[in-house]
Structure formats: C-alpha cells, structure tokens
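Trainee: Could you take me through a close look at a single part of this model? I would like one connected account that I can follow with the structure open beside me.

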2 protein chains.
Amino acid sequence: MASHGVRGRSGGRPTLEEVAARAGVGRGTVSRVINGSPRVSDATRAAVEAAVEELGYVPNTAARALAANRTDAIALVVPEPETRFFAEPYFSDMLKGVGSELSDTEMQLLLIFAGSDRERERLAQYLAAHRVDGVLLVSVHADDPLPDLLTQLEIPAVISGPRSAAEPLASVDSDNYGGARSAVEHLLSRGRGRIAHITGHLAVYGAQRRVDGYRDALREAGHEVDEGLIEPGDFTEEGGRRAMAELLRRHPDIDAVFAASDVTAAGAGQVLREAGRRIPDDVALVGYDDSAIARHMEPPLTSVRQPIEEMGRAMIDLLLAEIADRRPAASRGLERHQVVLATELVERRSS
Amino acid sequence: MASHGVRGRSGGRPTLEEVAARAGVGRGTVSRVINGSPRVSDATRAAVEAAVEELGYVPNTAARALAANRTDAIALVVPEPETRFFAEPYFSDMLKGVGSELSDTEMQLLLIFAGSDRERERLAQYLAAHRVDGVLLVSVHADDPLPDLLTQLEIPAVISGPRSAAEPLASVDSDNYGGARSAVEHLLSRGRGRIAHITGHLAVYGAQRRVDGYRDALREAGHEVDEGLIEPGDFTEEGGRRAMAELLRRHPDIDAVFAASDVTAAGAGQVLREAGRRIPDDVALVGYDDSAIARHMEPPLTSVRQPIEEMGRAMIDLLLAEIADRRPAASRGLERHQVVLATELVERRSS
DNA sequence: AGGTAGTGTGGGAGCGCTCCCACAAGTGAT
DNA sequence: ATCACTTGTGGGAGCGCTCCCACACTACCT
C-alpha cells in the first residue's frame, strides 16, 4: 500500500502548486503532465513525475470537477423496489463486471436507489445538477420516465435490457430470444411435445423476446403453437405457482415447462410436486438465469445462463465511449450502440 | 419529477449568486438558508426559499466540497474476491438497508472494490486524498490492513463483523453466538444428541463466535462437547461437502449437523444424501443466513436469520454519527460504538 | 536579414461554493 | 444618552484545479 500515503499530515495534502514549486515548473505544466497532455518535453515530464512521487500528490477531485465541469463519476441507478432483481445474483454479477471494467479508469461508481418517489425526485435533481458524467440503468420498465429524462438532459446513459426493439438509448442485453429458443429446442430434443411457457413480466421487453423465442422454436420444429400453453407470470416464485396451477388445470397433459426465471421455475416445481408430477419423469422443467437456486433445487434445474458479468463490462465500455465522445463536442457518431451477448444452456437433471 | 428540472438550459444551472440576486439578498445569506443555519430571519428565509424554488437551484457539490473540505460521500468498500459474500443476499440486503437509511440525507454512496492489489492501492490513494467522509467496511478478514489505515488517516469507519472482541472500530454485528445457540438448542429440543458443527472460515470472528455458541449450548444442556464433532469449513459449499464427508467417516453416528452457512449446509446435505442418510429422519440439518437457497433446498432448510437490512441501517447510523462528531472538533466521545442485533431461527423441514 | 510557423511553458482568471470578518440595526442595562 | 451585547446580513478571500492567452524560443522558409 502507498508508503507515502500518510506523508504531509502537517498541513493537509500537497497541491498542484506545491508540486510545481518542487519540480521547478509552472502550475500549468504540472496540470498538463497529470492529464497526459503530449505538449510537454520529456525532461520536464520526468521532473514533474518525480515531484509527484516524492510528495505523494493526489489530485483533488472536487477542485478538478469544479474547474473542468465534469465529475469523473458515473451512477448506477437501481430501481430498488424490484427486490427480485436486487437479491438475485444478477445484480452482484453485473456489479462485478462493472467494477472490474471500471478499475482501469479514474471513474468512480455511485450507487443510487430510485425506489420511492422521494428518491426519484432526488435523483432527478441529481441528474439536473449534472453531478455524474454518465448513468447506468438496469432493469427499467417500459413506462419509466427516467430514460427520457436522461436523453433530455443530454446525459450519456446505457440501459441494460432495452425497453423495446427501438430503444433509443445505448443498450446491452443478452440474447433473450436465442436463450428461449435453446431452452425449447433442448426440450424438444428430449422428446417433449407439450411444452408450456410461463412468461416473465411482459412489460419487460426481454420477457416478450423469450416468448418470441419459444414460439419460433416450436414453429420451426414443425409444431403448432398453442397459445393456451403460454401463461403470463412476473418473474416471481408466487407467479410461478399461480401460473403452474392454472396450466395444470387447463392442460393436464403438458410434459414440459419452460419458465422465464429460475424462481418462477421453483414455484412451478412446487406445484408440480404437489400435483404428484415427478420432475423430470412426468414433466421436464427449464428455468432462466442459472442462479444459485437452480443449482440447489431438487432435482437441479436446467437453466439458461446469461453472461451477466460480461454485460456489466459491456455497459461500462459503451458508457465510457459515450462520455468520451461527448467531451470535445465530438462528431455525435450515431453508430450501433446496441450490444447483444449470447446465452448458454446449462443442462441439469430437471430435463 | 421536478418540473423545473430542465429550466435554464440557456447558460447552465443557476448559481448561489443568481439565487441571491433574485431574492435580493447577499450570497452569504443564501448559503446560510441552504445549510439550515438558524441565524436567518423568517422573512429572508422565505424569500430565499422562493427564489431557490423558482430557479430550480441545486447546489454544486464540487464547489461545496472544495470550499468546505468535505465530500458528502461515503464509501462502501467491498473486498470483491469474496465472491461468496458478494453473491449472497447478504450483500444486497445490506445495501438495501444502507440505501434506505441514506435516502434521508444528502450523502451519496460510493461503491469501491478492493479485490486486486491494484484496486487496493487505488483505494489507499483515495482514502489518503480524503475523498470520502466515511467508510463502510464489510466482511473484513482479521489480517486486513485496511482498518488500521483508516484509523491512521482518522477517517470515520464502521465495520460489519468486528475482527475480534477488541475491535477498535465502530462495528455492527448480528449475534453470532446467540444465533448458534438457538440452532443447537433447537436441535437438542428435537431430541438430537450427536450434533456436529461445520464451522465457517475461522479467520472470521463471527465464525468463532458461532463455535462458542455451539459449545455453550451443548454444555448448558448437560452434554459433553466432543471436539471431534467440530469440523472446520470455510462458508463454501465445497467446504461443506469436504467437512461432511470427514465427519461421516469419523463419526458415523451423528444425528444432526449445524452448518455455519446455508451453502455449507447444502454441500453437507448432498454428501449425506449420497451416503444414504435421509434428512431429517436420519440426520437433521440446520444452516445459517436464511438465504434463498435455504428456502429452495429439498427439504427446505432450517436456518438462522440475521437482520441484515437492519445491520446496514445501523452501520449508516453509526457512521453518520461519527462523521458529525468529527465535524466541529467535537468531544470525541468514546461511547459504545458496538451494535449487536438479534438473530432469529427459521424452522423448516430439515430439522 | 526578416518573416512565419510551430513547440513548450508560465501564470491570470475563474469555476461555485463556505468561511469569516465587518458592520448595521435593534435591545436592554447603566 | 451611552455602552455593551445580540441578531441578521453583505461580501471579500480563498479552496485547488483547468483553461487559455501570452510569450519565449527554435526551426525553417523566403
């Protein structure tokens, strides 16, 4: 750890000015060195770097932010009431990706909860005051006004899970469509013919895409799609129970269930067991997310894994690029700012 | 959301100066109102507040930080390689508590990962530069130099899970001792006599306390403590498997296992099943944490629940108090800065 | 020789606040 | 009426940076 970290307790941290004095140069020159400007001679640069090292100089972020009108901070906005999202590995894995990608930069990560109305009001103020250089949005509902606010304020933002096919914001997503297809194709290959689908909350675009994938996989295998086999859920365990009960009532002959999340699958599994159906003998079960629950269910649950950590990394990459683009009034290159990452089916004993 | 949030796009956000002009007062007066100083007449205060409202004024944090030499930010330091900690609900629940308690204040929450050496070096610089007003430390190992660094830099800090009984830092913890006792007493009351304990990582003080609770519960019930029934684990699933296998080899007659974490219990459960032992008929199983896994295991796992969200809240309370204490060179009241919260045994079918 | 670029450098101005000193006005004791 | 406080207020100084203009110096053309 920094051996010079505690030096200079007598009178606070060293300033740019002191570094300049020590190196025998002007304030501007030190600033240039610190910020990596090329217009500094090698000799001068070396002298300044030596002085920085000797004094253990660390720039004062507040001063920099004030003078340069940027914050070097990005916010991760968490719509907290979504406890589902929050408690699942989803969140921590994404955080891991975000953190690892961020550790190469000087950016700091702010965690902002936008659950209650009061918190949202505060967030709006926050953003209006331009207290962050960029925003990471996760798990946003289709009708959330937040993304539009960001666009309006011209704050760079990246959203995980686009709200629609026409998402105007930069976005990172996993291949929900392909993931669902792989799940259904897997069940078909196991000889299942009556495959039901318990959907996620359909206000979430990804949930819709999973339904699309389910339908297309069946169709392309030459099956007719029975819309009655598609039962709406909401990603929760309780939703899974409810949907499963309904499916069993209407279609006692189903031999497989593809659920839009692992907890939903867990809820469905309970109902199946209570109805005397064995998994996978009578009914095969496939979930989505490959969470810890999937590994610990009995039998362990086949599930679609999303590369969440990678998604976190991709979000940061996109966001940093947007921020950099905007810095010197760059050519607002409206390139493809949509990243979609592949999923992977993890086969376990439930199917 | 703030209707005035977007106003004044012509020329950036309003400043203190502009508010002052609008309210017909001086800069100092506005500052006083903003910061809630009592030395302002009611009439003036009202006028200023009106001006603030009309202009949609939001203070510039950077300027404030620079002038007042504080940051209004606290850091939550996450020792990231501890994936266990990170992925468990522990983390997100704590975050929830932290967030909810913080939403009443102007403080912002920084998430800092201190996994790799490079990240730790950066963190040290961060702290040395006093870029946060306080630090929340979670899941710190006994030999981590971080807490001492914080003490040395005189940065207010609160640690969750004290490193020892003599933890110098303010700390919040759940009652590991009592939690373990309640688990063992529960097993005893169910008529179990050969109760094994798979410990957590013993470098963690809380894991030691759980062992203490295990021992005392047995003793006070009149049982002799067989040290051979205590098998070291490390909170992981793999550790649980290893420990359980070892226990079965040495003591085939055990009829109950208390594991120091739910995932450890899950690992132990697998080994028990493979060995042909039925849960709970042959061997009762109790875990710790009451995580999602506990609910979804088959059979569902009896587990000790910690009030994690509350712990997060308590940490913030302590930290804010420490920061406030330090602000006007207050009387460094070395009161009891140790909070211990009660646990609760959640009974399920595994015992 | 004089011009015209380029390079590197110093330092003034200013970012938006807080802190604090100065001072006006009011209040009550002498 | 005088003095001593108290209360409320205005505004200068300064926090530590970045930005940018000015200037010295060099190099290469006419």
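**The six-stranded sheet and its surroundings**

Mentor: Happy to. In chain A, six strands make up an open sheet with mixed pairing, and their order is β7-β6-β8-β9-β10-β12. Its edge strands are β7 (230-231) and β12 (344-346) of chain A, each of which pairs on one side only. Please keep in mind that this is a predicted model.

Let us step inside the sheet. Strand β6 (residues 195-198) of chain A and strand β8 (residues 256-259) of chain A run parallel, joined by four bridges. To find the register on screen, look for A:A196, which stands opposite A:V257 in β8(A).

Strand β8 also takes part in a ring contact. Two aromatic pairs are present in the structure over all chains. One of them is formed by A:F258 and A:Y288: the centres are 6.3 Å apart and the planes make an angle of 45°, so the pair is tilted, since that class lies between stacked, under 30 degrees, and edge-to-face, over 60. A:F258 belongs to strand β8 of chain A and A:Y288 to strand β9 of chain A, so the pair ties together parts that are 30 residues apart in sequence.

Now for the helix on this sheet. α9(A) lies across β6, β8, β9 (284-288), β10 (302-305) and β12 of chain A. Relative to β9(A), α9(A) runs at about 165°.

That helix has a helical partner as well. Two packed helices are described by the angle between their axes and the distance between the axes. For helix α9 (residues 176-189) of chain A and helix α10 (residues 205-220) of chain A, the angle is about 40° and the axes are 7 Å apart. This makes α9(A) oblique to α10(A). The crossing in which α9(A) passes α10(A) is right-handed. On the α9(A) side, the contact is made by A:N176, A:Y177, A:A180, A:R181, A:V184, A:E185 and A:L188. Facing them from α10(A) are A:G206, A:R209, A:R210, A:D212, A:G213, A:Y214, A:D216, A:A217, A:L218 and A:E220. By class, the residues of this contact divide into seven nonpolar, three polar and seven charged.

If you switch to chain B, look at the corresponding helices there. Helix α9 (residues 176-189) of chain B packs with helix α10 (residues 205-220) of chain B at an angle of about 40°, with their axes 7 Å apart. That makes α9(B) oblique to α10(B). α9(B) passes α10(B) in a right-handed crossing. Among the residues that meet are B:Y177 and B:L188 in α9(B) and B:Y214 and B:L218 in α10(B). Seven nonpolar, three polar and seven charged residues make up the contact of α9(B) with α10(B).

Back in chain A, the loops leading to two of the sheet strands deserve a backbone check. Most residues other than glycine have a negative phi, and most peptide bonds are trans. The peptide bond from A:I279 to A:P280, however, is cis, with omega near 5°. A:P280 sits in the loop between α12 (262-274) and β9 of chain A. Another cis peptide bond joins A:E298 and A:P299, with omega about -5°. Here A:P299 is in the loop between α13 (292-296) and β10 of chain A.

One last backbone detail concerns A:D72, which is not a glycine and yet has a positive phi of about 55°. You will find A:D72 in the loop between α4 (61-68) and β1 (73-78) of chain A.

Technical notes: Residues numbered from 1 in each chain as written. Chains lettered and ligands numbered in written order. Predicted model: local features only at pLDDT ≥ 70, side-chain atom pairs only at ≥ 80, totals over all residues. Heavy atoms only, no water. Axes fitted to C-alpha atoms, helices over the stretch in contact; angles between N-to-C directions. Parallel < 35°, antiparallel > 145°, perpendicular 65-115°, else oblique. Left-handed = near helix turned anticlockwise from the far one by under 90°. Contact = heavy atoms within 4.5 Å. Nonpolar A, V, L, I, M, F, W, Y, C, P; charged D, E, K, R; others polar. Pairing = 2+ DSSP bridges. Phe/Tyr/Trp six-rings, centres within 6.5 Å; stacked < 30°, edge-to-face > 60°.
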